[in-house]
Amino acid sequence: MSFFTSLFTKKKKSTTTVTILNPTDFKTAINSKKVLLIDVRTSNEYHAGHINKAISLDYFKQRPFLEFINQLDKELPIYLYCRSGNRSKRAAKQLSRLGFLYIYDLRGGYLAWV
C-alpha cells in the first residue's frame, strides 16, 4: 500500500465476533461487569427458571425482539442464552450483523447452567 493510499482510505472496521463462554466464565463475566443479560427463550421457558438478572426477550417473536435490540447501545456488552445454545447462537449472529461489538453466548445454554 502506498503512502497516499494509506492516507486517503478508511480502515475497515473490524468484524464482530461472538464469544462463546463456558458456564463458569459466563457466570464470572455477568457477575463482574455491567452487562445486559438476555434470555432469548419463550416466556414459558423463562418463567420455569432463568439466570438471575436476565431479561426475557423471546427470539421467536422477531418484531419485539428487534424493536428492543435496535434501542440499545451497540457498544454495550450483551450476554445471551437460550435452552441449549441454538437460538442464542442465531440471536448472536443477528446482533453481529446489526453492528453490536461485544456479544457473548453461553455454551450449552440454560441446560449447561443448571
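**View 1. A charge over a ring: Arg-41 and Tyr-110.** A charge counts as sitting over a ring if NZ of Lys or CZ of Arg is within 6 Å of the ring centre and within 35 degrees of the ring normal. In this predicted model, Arg-41 does just that: its charged end sits over the ring of Tyr-110, 4.5 Å from the ring's centre.

**View 2. The whole chain, for orientation.** Six helices and five strands make up the secondary structure here. Read from the N terminus, the elements go α-β-α-β-α-β-α-β-α-β-α. Of the 114 residues in the chain, 36% are buried. If you take the contacts with a separation of 6 or more, 68% of them come from residues 24 or more positions apart.

**View 3. The five-stranded sheet and its edges.** The sheet is open, its five strands are ordered 1-5-4-2-3, and the pairing is parallel. Strand 1 (18-21) and strand 3 (55-56) are the edge strands; each has a single partner strand, so one side of each goes without a neighbour in the sheet. Helix 5 (residues 86-97) packs on this sheet and touches strand 1, strand 4 (78-81) and strand 5 (103-106). The direction of helix 5 makes about 150° with that of strand 4.

**View 4. Zooming in on strands 2 and 3.** Strand 2 (residues 36-39) pairs with strand 3 in the parallel sense, over two bridges. Look for Ile-38 here: its bridge partner in strand 3 is Ile-55.

**View 5. Tyr-59 and Phe-60, a tilted pair.** The aromatic pairs come to six in the count. In this one, the ring centres of Tyr-59 and Phe-60 are 6.5 Å apart and the planes stand at 55°, so the pair is tilted. Tyr-59 has 12% relative accessibility, and so counts as buried, since the cut-off for buried is under 20%.

**View 6. Tyr-79 on Tyr-104, a stacked pair.** Tyr-79 and Tyr-104 are stacked, with 4.5 Å centre to centre and 15° between the planes. Tyr-79 belongs to strand 4 and Tyr-104 to strand 5, so the pair ties together parts 25 residues apart in sequence. Both tyrosines, Tyr-79 and Tyr-104, are buried. Pan out a little for the aromatic cluster, which is formed by Phe-26, Tyr-79, Tyr-104 and Trp-113.

**View 7. The N-terminal stretch, to be taken with a pinch of salt.** Over residues 1-14, pLDDT stays under 50, and the model has two contacts beyond four places in sequence for this stretch. Where pLDDT is low, the predicted coordinates shouldn't be read in detail. For the chain, the average pLDDT is 89, and 86% of the residues score at least 70.

Methods
Residues are numbered from 1 along each chain as its sequence is written. This is a predicted model: local features need pLDDT of at least 70, side-chain atom pairs count only at pLDDT 80 or more; totals for chains, interfaces and linings use all residues. Side-chain values use heavy atoms; hydrogens and water are left out. Two strands pair if DSSP finds at least two bridges between them. Helices (H or I, at least four residues) and strands (E, at least two) are DSSP runs, numbered from the N terminus. Contact means heavy atoms within 4.5 Å. Axes are lines fitted to C-alpha atoms, for helices over the stretch in contact, and angles run from 0 to 180 degrees between N-to-C directions. pLDDT is the predictor's confidence in each residue, from 0 to 100. Rings of Phe, Tyr and Trp (its six-membered ring) pair if their centres lie within 6.5 Å; planes under 30 degrees apart count as stacked, over 60 as edge-to-face and the rest as tilted. Buried means under 20% relative accessible area, exposed over 50%, partly exposed in between (1.4 Å probe, protein chains only).
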